[in-house]
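Okay, thanks for making time this morning. I'd like to walk you through one model, so have the picture up while I talk.

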Amino acid sequence: TPGAPLSLTPLPQKDGNGKLGLVEFNILWNRIRNYLSIFRKFDLDKSGSISAYELRLALEAAGDPRGPPWPPPLPCPGGPQVTPGVSPVPGYRLNKKLHELLITRYAEPDLALDFDSFVCCLVRLETMF
């Protein structure tokens, strides 16, 4: 969608200058890869879009609504490895009204979301929570 690149820029920015540095780009890239993995997993009929039902399942698997800490923690020798921009904690259990609002905003008339709309929806949720 035309507004997708602009909606992505507020996510990992540290200084708010409207530009992504290398570290910020890496975080964003990892998030998009994670979103793609989730999208493919929950596109149950492999149609290239997800239904309202599939969206609910995908959002529950999408990660911690608080997102990863900023700046990302430094890896500790011998400690758990943290992938910046990807949270292992399940999240986004939304009530029915909020789920319906997301469908109204991001879905096509047939109530399906393509990958661009899915990413925009997740970015919106991350910036809200």
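Let me start with a question: which residues does leucine 125 touch, not counting residues up to four places away in sequence? The answer is Leu59, Tyr92, Leu94 and Leu102. Keep that leucine in mind, since we'll meet Leu125 again in the core.

Before going further, a word of caution: this is a predicted model. The average pLDDT for the protein is 76, and 65% of the residues score at least 70. Confidence is highest in H4, at 93, and lowest in helix H1, residues 4-8, where the mean is 51. There are also two stretches where pLDDT stays under 50. One is residues 65-74, with 15 contacts beyond four places in sequence in the model. The other is residues 79-89, with 16 such contacts. Please keep those stretches in mind as you look at the picture.

Now the overall layout. We have 5 helices and 0 strands, so if you read from the N terminus on, it goes α-α-α-α-α. The protein has 129 residues, and 36% of them are buried. As for the surface, about 7900 Å² is exposed, with carbon and sulfur atoms supplying 61% of that. And here's one on how the chain comes together: take the contacts between residues at least 6 apart in sequence, and 68% of them join residues at least 24 apart.

Okay, the core. The largest nonpolar core has 23 residues. The ones with the most contacts inside it are Leu55, Leu59, Leu102, Leu113, Phe118, Leu122 and Leu125. Which elements give two or more residues to this core? Those are helix H2 (22-42), helix H3 (52-61), helix H4 (96-106) and helix H5 (115-128). H5 gives the largest share, 7 residues.

On to the aromatics. For anyone who doesn't do this every day, a pair of aromatic rings is described by the distance of the centres and the angle of the planes. The count here comes to 3 aromatic pairs, and I'll take two of them in turn.

The pair I'll start with is phenylalanine 25 and tryptophan 29, which is stacked, at 6.2 Å centre to centre and 20 degrees between the planes. Both sit in helix H2, 4 residues apart, so about one turn of the helix. Are these two buried or exposed? Phenylalanine 25 is partly exposed, at a relative accessible area of 43%, and tryptophan 29 is partly exposed, also with 43%.

The next pair is phenylalanine 39 with phenylalanine 118. Why does this one count as tilted? Because the planes are at 50 degrees, with the ring centres 5.5 Å apart, and tilted covers whatever is neither under 30 degrees nor over 60. This pair links distant parts of the chain: phenylalanine 39 is in helix H2, phenylalanine 118 is in helix H5, and they are 79 residues apart. Phenylalanine 39 counts as buried because its relative accessibility is 6%, under the 20% cut-off. Phenylalanine 118 is buried too, at 0%. Together with Phe115, Phe39 and Phe118 form one aromatic cluster.

While we're on rings, look at tyrosine 106. Arginine 105 lies over the face of that ring, 4.7 Å from the ring centre.

Right next door in sequence is threonine 104, which is found in helix H4. Threonine 104 counts as exposed, because its relative accessibility is 64% and the cut-off is over 50%. Where does it sit relative to alanine 52? The two are 52 residues apart in sequence, and 9.9 Å apart in space, C-alpha to C-alpha.

Last stop: backbone oddities. Lysine 46 has a phi near 55 degrees, a positive value in a residue other than glycine. This lysine is in the loop between H2 and H3, and it is exposed, with a relative accessible area of 59%. Leucine 111 also has a positive phi, about 65 degrees, although it is not a glycine. Leucine 111 lies in the loop between H4 and H5 and counts as partly exposed, at 46% relative accessibility.

That's my tour, and I'm happy to take questions.

Conventions: Residues numbered from 1 in each chain as written. Predicted model: local features only at pLDDT ≥ 70, side-chain atom pairs only at ≥ 80, totals over all residues. Heavy atoms only, no water. Buried < 20%, exposed > 50% of the residue type's maximum accessible area, 1.4 Å probe, protein only. Contact = heavy atoms within 4.5 Å. Areas by Shrake-Rupley, 256 points an atom, 1.4 Å probe, with all protein chains shown as cover. Core = buried A, V, L, I, M, F, W, Y, C linked by side-chain atoms within 4.5 Å. Phe/Tyr/Trp six-rings, centres within 6.5 Å; stacked < 30°, edge-to-face > 60°. Lys NZ or Arg CZ within 6 Å of the ring centre and 35° of its normal. pLDDT = per-residue confidence, 0-100.
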